[in-house]
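Colleague: I'd like to go through the labels on this one with you. Can you take me through how each was reached?

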Amino acid sequence: MSQKKNNGTLVTKINSSDVRVFYDQAEALHGVDLEIYENSVTALIGPSGCGKSTFLRCINRMNDVIEGCRITGKITLDNEDIYDKGLDVVQLREKVGMVFQKPNPFPKSIYDNIAYGPQIHGLAQNRQEMDEIVENSLKKAGLFEEVKDRLNSPGTGLSGGQQQRLCIARAIAVNPEVILMDEPCSALDPIATAKIEELIHELRQNYTIVIVTHSMQQAARVSQRTAFFHMGDLVEVGDTDDIFVRPEDKRTQDYITGRFG
Amino acid sequence: MFPYLLAAILLISLSGFYIGRKQASNLRSQTKLHSLPQYHGYFIALWCGIPTILLILLWTALEPVLLGSLIRSHLESQSGGLTPTDYVIMTEEVRNLAAGVALGTQDPLILETAEWMRSLQQSSQWSMVVVTILLAMLIMAFTRSKVAPGFKARHGVELLFNGFLFISSTIAILTTIGIVLSLIFETFRFFELVPITEFLFGLKWYPQIAIRADQVAGDGAWGAIPVFSGTLLISFVAMIVAGPIGLMSAIYFSEYASPKMRGWTKPILEILAGIPTVVYGFFAALTLAPLVRDGGIAIGLEVEARSALAAGLVMGVMIIPFISSLSDDVINAVPQTLRDGSYAMGATKSETIRQVIIPAALPGIVGAFLLAISRAIGETMIVAMAAGLNANLTLNPLENVTTVTVQIVVALIGDQEFDDPKTLSAFALGLVLFIVTLILNVVALAIVKKYREKYD
C-alpha cells in the first residue's frame, strides 16, 4: 500500500487503522488503514464485492444493523473513537449523514422528508426555523426551485434524480460534518447524474464527502483523492490525478484500464 | 353397475394408451415423429376417457329428472282432478316404491306405475352401459387411425389438458354463482312476505309467526337494525381488543424479535388461529362471560350473563393472529432501504417505526384490519354460544345483544317451513351480510394491492 505525501493544508477528518469486518466467520475487509481529509471528496473504487461499501458503512456504523456483522480495529472521527462503548450511535449519525444507492425518500411529503432529521434531533425551535432549514437544505441540494410550489406533495412522486437530490437535502438538513454516498448515481440517467456530480462539487466547500462509485470517470470527475479496493484489501490510495495517471500497483492499473472488474 | 362401468371405461382408456404408444413407436423406428410415442398414447387415452365419463355423469344426473316428469305425466293422464301437490306426493311414492322402499300403498295406479318406472330405470341403465362403451370404442378406433408421423398429438394433449383445467375452474365459479343466486331468490320470497323497508329500517326484531290466527301478539317484527347493530357492537369490541394487540405483536415480531425468538413465538401465536371457533365459543360462554359479569358486579356495574363484551373479547382474541400475521407481512414488505435511510439520519428504532415504517405500511395495515372486521362480522360459533338471542338495540357492551349470524342459525334450527318468513329471513340476513363482507373484502384487497404495487 502506498500513501501519497500529504499536502500541508489538509486536515485529517476520519482515520481508520486496521479495520477488519467479519460477516459471521468470513472476513470481508482485511485491515484497512485510510485517512480521509476534511472538505475534500474521497472516492472509493473497486470491483463488486471488494468491500468498499462495507468500509463506507463502518464510518456511520450502519453495519450495526446487520445480523452477525463484527468489526475490529479503530476508526476515529475528529480523533474520537466511533466504536467506543460510550459513544451514542444516534449522535454519530447526526454528524455523519448518508445517501444510498437507490433513492429512498420516506413515504411523507417533500417538506416532511427534510424536516424528519431536524425534528428528531430537535434542531428547530418553531415552525419558522423549520421552514428555514427545509428551504436552505433544498437550496443547497439544488432542488428548491423545482419543488417550491409542491412542498406538501409526496416525496415518492418526484423523478429518480429529484428523489436522490431530496435524499441529499435530507442528509444536509441535520447539518452533518461528513456525508457518505453509496453509489448515489447508479440508479440515475446521465443528466441526473451530472446534476448530482455538480452538487457534490459545491458541497465539498462545507462537508467532507466519501463516495463509493463503480464509475471511474465519476471518481475522476468528482474526487480529490481515490482509494482502490480489491478483494477486501485497500490496494492503493492517493490523489485522484496520480491514481488515474500513474497507478503504482498492477491491480489498480488493470482495473482502471478495464482489464477486469 | 356404476363402478363396473367406470372400471370398464378406464380399462379401455388404458389399453388405448398402450395401443397408441406401441403403434407410434413402431412408426418411430422407420421415420421421425412430430410427437413422442407416449403423447400418442395419452391422446387416445384422454379422448376415450374424458368425454365418456362426462357422458356418464350427465346421464346419471338427468335420468331421475326425465323419469320423474315422465311418471308425472303418466299419473296425470291416468287420474284426473287432483291438485299439483297430490301429484308431487304420488310421484315421490312411485319413486320410493321403485327404489324398493315399502310404503304399504294399496293404490293400484301407484303400484303399477312403480313397476313401470323400475323397468324404465333398468333399460336406461343398460343403454347407458352400451352407449358409453360403444362410444369409447368408436373414439378409440377413430383416434388410433390418426396415429401418423405428422400428427400433432403433443398439441392435442395440451389442448385437452387446458380444457380439463378450464372445466374445473368453471365448476368452482358456477358453484359460487349458484349460491349467490339461491340467496337472492329466497330473499325475494322473503320480501314478498315482509316489506323491504321494514326489514332495512325497522327497529324491532321479533322473528315469530302466529300459530293460531287469533293469537295475541302473534305477529313478528322484522326490522334488522337491532340485529346488525349487535353485530357491529360485538365486532367493534373485538377490534378494540385485536387491533392494538395484533398490530403491536406484528411490530414486535418483525422489528424487535431476534430470528430465534421469532422462530418459536410466531408459531405459538399462529396456534391461536388453529383453535376451532367452537372451542372459543364455550370458552366465552362458560369461562369469560361469568368472569365479566362477576367483575362488573365487583365494581358496581350491572352486567348481563351473556354480554356483548364477553363475546367481543373472545372474538378479539380469535382474530389477533389474523391481524398480526397480515400486518407482519406488510411491515416486512417495507423496503429495508427506508429503514436504513431513517437509521442513517440518526433516528432510533422506535422513531423509525412510528415515523417511517408505520406510515409506509399503513395502507396494508388498513387492509388487514378491514379483512379482520369482515371476518369478525361473519363469525358465528362464538356469538351463537356467548352472545344472546335477544335483539336489543343498544350501544352498551354490558348488555345482551344478538348478531346476524346467530339469528340465521336460530331461524334454521329445528322444524321449519320454507314459506314462513322466519325461515326466509335467514336468507335476507345472509344476503345483507354477504354484501357487507364482500364490500369490505373488495375494498381491503384493493388497498393491499395498491400498496404492493407501490413497492414492487
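Modeller: Sure, cysteines to begin with: a disulfide is a pair of cysteine sulfur atoms within 2.5 Å. By that rule, the count over all chains comes to 0 disulfides. Keep in mind that this is a predicted model, where local features need pLDDT of at least 70, side-chain atom pairs count only at pLDDT 80 or more, and totals for chains, interfaces and linings use all residues. Side-chain values use heavy atoms, with hydrogens and water left out, residues are numbered from 1 along each chain as its sequence is written, and chains are lettered from A and ligands numbered from 1 in the order in which they are written.

Colleague: How do you know that C58(A) is in no disulfide?

Modeller: The nearest cysteine sulfur to that of C58(A) belongs to C69(A), and it is 6.7 Å away, against a cut-off of 2.5 Å.

Colleague: What makes C58(A) and C69(A) count as buried?

Modeller: Buried means under 20% relative accessible area, exposed over 50%, and partly exposed in between, using a 1.4 Å probe and protein chains only. C58(A) has 0% and C69(A) has 19%, so both are called buried.

Colleague: Why is D18(A) called partly exposed, and D24(A) exposed?

Modeller: D18(A) has a relative accessible area of 37%, so the in-between label applies. D24(A) is at 55%, so it gets the exposed label.

Colleague: Where do D18(A) and D24(A) sit?

Modeller: D18(A) is in strand β1 (residues 12-23) of chain A, while D24(A) is in the loop between β1 and β2 (26-37). Helices (H or I, at least four residues) and strands (E, at least two) are DSSP runs, numbered from the N terminus. Phi is positive in each aspartate: near 50° for D18(A) and near 55° for D24(A). Most residues other than glycine have a negative phi.

Colleague: Why is α3(A) called largely enclosed by the rest of the structure?

Modeller: Because 9 of the 11 residues of α3(A) (110-120) are buried. Among them are I110(A), Y111(A) and P118(A). The cover includes α6 (160-173) of chain A and α12 (349-378) of chain B.

Colleague: What makes α1(B) roughly parallel to α4(B)?

Modeller: Helix α1 (residues 2-28) and helix α4 (residues 108-146) of chain B pack at an angle of about 10°, with axes 11 Å apart. Angles under 35 degrees count as roughly parallel, over 145 as roughly antiparallel, 65 to 115 as roughly perpendicular and the rest as oblique, so α1(B) and α4(B) are roughly parallel.

Terms used: Axes are lines fitted to C-alpha atoms, for helices over the stretch in contact, and angles run from 0 to 180 degrees between N-to-C directions. Contact means heavy atoms within 4.5 Å.
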